[in-house]
Amino acid sequence: MALSREVLDNIALFEKMGFDKINHVPVAQTREAMKHVPPSPNPTAVGQVINYTIADGDIPIRLYIPVGEGPFPSIAFFHGGGFSIMSIDSTDEICRHVCVDAMAIVMSVEYRLAPEHAYPAGPHDCLAATKWLIKNAPSYNGLPEVLAVAGESAGGYMALWVAQKLHREGFKLKAQFAAYPVTDHYSANHRSYDENKVGYILTAELMRWFWDNYLTDPTKFEEASPLREKDFKGLAPALIMTANYCPLRDEGKAYADKLAAAGVPTDYINDENVHGFLGSGTMGIEALKIASAYLYKHLKDIIN
């Protein structure tokens, strides 16, 4: 299939903005520019938005509470940005949609960014925040035992990483969702890195730069790559979405295949789109609805 006019226009816009070349400027410059991106003029209404800093670790989070009395399930959500850029503001509208459509408390996490805070600082923050949510969900009319993790791009990586760690510690998630996730270090040479190396916003060169910001010690590539985990048995049901025109496509599919091979109920969708589509444009909004419906389905048992 050919890319739609909507997607082609998005590619042209992002290339005009220079997003595919942000590895040519200091990370701080890109972060500062993103602070000036205007928020949605008509944000999706939720019951309550609470900004809070977790004392243990000084981790900023943002809670989105649905309308109603609950009790509500909870979703720990992690933003993308190649481990190096973006913030909870970047995915504010996505989290609002998920909160409403999945009828769940959504916690968005401001984890530490590379290169100042390289692996494993970011995922450790995400795990700590998720454990905080498990402990404190009742304070927000949530049930701690009814929890999912979700994220996109590097945030998808965080969601899958947290799911693995919680499983090892004996906590059973109800679901996990990752959109075009990073799952493997580029040294694995997945075919889509070459097929989609230029022309689709996230270039192979840019993704390698993101990884090099995040981790340069080759002795840790294995432990830092969720795809290289040895045992996938017993992990939570998963929805994995990839973009057909994205360097990360094949490692995302490989992750879904490993889950399925281990007997984990797994849904896999490869969208005719480019990296970053979740919640963007007609196709991206539809993908977000599918993801929210999936999370609702797996969390709905406790919704009144």
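This is a short talk on the cores, a few helices and strands, the cysteines and one histidine of a predicted model.

I will start with the nonpolar interior. The largest nonpolar core has 91 residues, and the members that touch the most others are L63, I75, F78, Y157 and W211. Helix 5 supplies the largest share of this core, eight residues. Apart from this core lies another one of 11 residues, including L160, A178, F232 and L235. As background, nonpolar side chains in soluble globular proteins tend to be buried together.

Take I75 as an example from the larger core. Leaving out residues up to four places away in sequence, I75 touches V98, A102, A104, I105, V106, M107, L133, L147, A148, A150, L295 and L299.

Now helix 5 itself. Helix 5 runs from 154 to 168. From first C-alpha to last, its 15 residues reach 21 Å, close to the 21 Å expected at 1.5 Å a residue. How much of helix 5 is buried? The count is 13 of the 15 residues, so helix 5 is largely enclosed by the rest of the structure. After the helix comes G170, with a positive phi near 95°.

Next, strand 6, residues 175 to 179. Strand 6 is largely enclosed by the rest of the structure, because five of its five residues are buried. Side chains in a regular strand alternate between the two faces of the sheet. In strand 6 both faces are covered, with A175, F177 and A179 buried on one side and Q176 and A178 buried on the other. Strand 6 runs parallel to strand 5, residues 142-152, and five bridges join the two. Within that pairing, A148 of strand 5 stands opposite A175. A148 was also in the list of residues that I75 touches.

Helix 9 covers residues 249-261, and its 13 residues reach 18 Å between the end C-alphas, close to the 18 Å expected at 1.5 Å a residue. Which residues of helix 9 are buried? They are R249, D250, E251, G252, Y255, A256 and L259. What do these buried residues pack against? Their partners are helix 5, strand 6, helix 6 (191-195), strand 7 (238-245) and strand 8 (266-274). Just after helix 9, G263 has a positive phi of about 85°.

On to the cysteines. How many disulfides does the structure hold? The number is zero. A disulfide is a covalent bond between the sulfur atoms of two cysteines. For C95, the closest cysteine sulfur is in C99, 9.0 Å away, which is too far for a bond. C95 counts as buried because its relative accessibility is 0%. For C246, the closest cysteine sulfur is in C126, and 20 Å is again too far for a bond. C246 is buried too, with a relative accessible area of 0%.

Last, H185. Where is H185 found? H185 sits in the loop between strand 6 and helix 6. Is H185 buried or exposed? Its relative accessible area is 1%, so H185 is buried. The H185 side chain makes a polar contact with the side chain of S187, at 2.9 Å. Beyond its neighbours within four places in sequence, H185 is in contact with W211, F221, S225 and R228. W211 came up at the start, as one of the members of the largest core that touch the most others.

That is where I will stop.

How values were computed
Residues numbered from 1 in each chain as written. Predicted model: local features only at pLDDT ≥ 70, side-chain atom pairs only at ≥ 80, totals over all residues. Heavy atoms only, no water. Helix = DSSP H or I, 4+ residues; strand = E, 2+ residues; numbered from the N terminus. Expected span 1.5 Å × (residues − 1). Buried < 20%, exposed > 50% of the residue type's maximum accessible area, 1.4 Å probe, protein only. Contact = heavy atoms within 4.5 Å. Core = buried A, V, L, I, M, F, W, Y, C linked by side-chain atoms within 4.5 Å. Disulfide = S-S within 2.5 Å. Polar contact = N/O pair within 3.5 Å; in protein donor to acceptor, adjacent residues only side chain to side chain. Pairing = 2+ DSSP bridges.
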